[in-house]
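Hello,

Here is the structure for you to look over. My notes on it follow below.

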Amino acid sequence: MKKVLVVNGANLNMLGIREPDLYGRADYGALKKFIQEEAAFLGMQVEIVQSNYEGEIVGFIQKALGVFDGIVINAGGYTHTSVVILDALKAVGLPTVEVHLTDIYSREEFRRFSYISLYAEKTIAGKGFNGYKEALEYLNEVI
């Protein structure tokens, strides 16, 4: 069975509370359930982690080496600032898909650049929860 690590970054735990006009009213528990159901449908195993701390996210990624076949990552605001998360992804060398609930390319200028996209095989933005589904489907084909 294919194993995928799903990494969610800063403030994703605040879904349903933080800017519901942008992110919707569904909470983080609903996102986790959605991801688990989609993975089960595809016959994949997922582990879903979330942290508001950059170093902890790096630790999740490093520990994926030799355990997981691929990574789905929504690093939240660290997308636009974290070279160390980029370096961790490059170090483990796993197929990676970057996901964003909103369309980062149509938001504030500073959100339009992603360090993670320098490594990720694919970036999915602006599709809400369905972006995670698309990411899992992609990884299911390539790993």
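**Fold and cores**

The protein has five helices and five strands. Please bear in mind that this is a predicted model. In sequence order the elements run β-α-α-β-α-β-α-β-β-α. The radius of gyration is 14 Å, close to the 15 Å from the globule rule for 143 residues, so the protein is as compact as a globular protein of that length. Along the principal axes, its C-alpha atoms fill a box of roughly 35 × 30 × 25 Å.

Next, contacts and burial. Take the contacts between residues at least 6 apart in sequence: 75% of them join residues at least 24 apart. Of the 143 residues, 45% are buried.

What sits at the heart of the largest nonpolar core? This core has 23 residues, and V72 and Y132 touch the most other members. At least two residues each come from β1 (3–8), α2 (28–42), β2 (45–50), β4 (96–100) and α5 (130–142). The largest share is from α2, with five residues. Y132 is worth displaying with its partners. Beyond its neighbours within four places in sequence, Y132 contacts V6, N8, L12, L31, I35, V72, N74, V99 and L101. Another core lies apart from this one. It holds 20 residues, including I57, V58, A75 and V92.

Last, the surface and the charges. The protein exposes about 6,900 Å², and carbon and sulfur atoms supply 50% of that area. There are 14 positive and 18 negative charges, and their mean positions are 2 Å apart.

Best wishes

Conventions: Residues are numbered from 1 along each chain as its sequence is written. This is a predicted model: local features need pLDDT of at least 70, side-chain atom pairs count only at pLDDT 80 or more; totals for chains, interfaces and linings use all residues. Side-chain values use heavy atoms; hydrogens and water are left out. Helices (H or I, at least four residues) and strands (E, at least two) are DSSP runs, numbered from the N terminus. The radius of gyration is taken over C-alpha atoms; the globule rule is 2.2 Å times the number of residues to the power 0.38. Buried means under 20% relative accessible area, exposed over 50%, partly exposed in between (1.4 Å probe, protein chains only). Contact means heavy atoms within 4.5 Å. Accessible areas come from the Shrake-Rupley method with a 1.4 Å probe; for residues, only the protein chains shown count as cover. Lys and Arg count as positive and Asp and Glu as negative; His and the chain ends are not counted. The place of a charge is taken as NZ of Lys, CZ of Arg, CG of Asp or CD of Glu. A nonpolar core is a set of buried Ala, Val, Leu, Ile, Met, Phe, Trp, Tyr and Cys residues joined through side-chain atoms within 4.5 Å.
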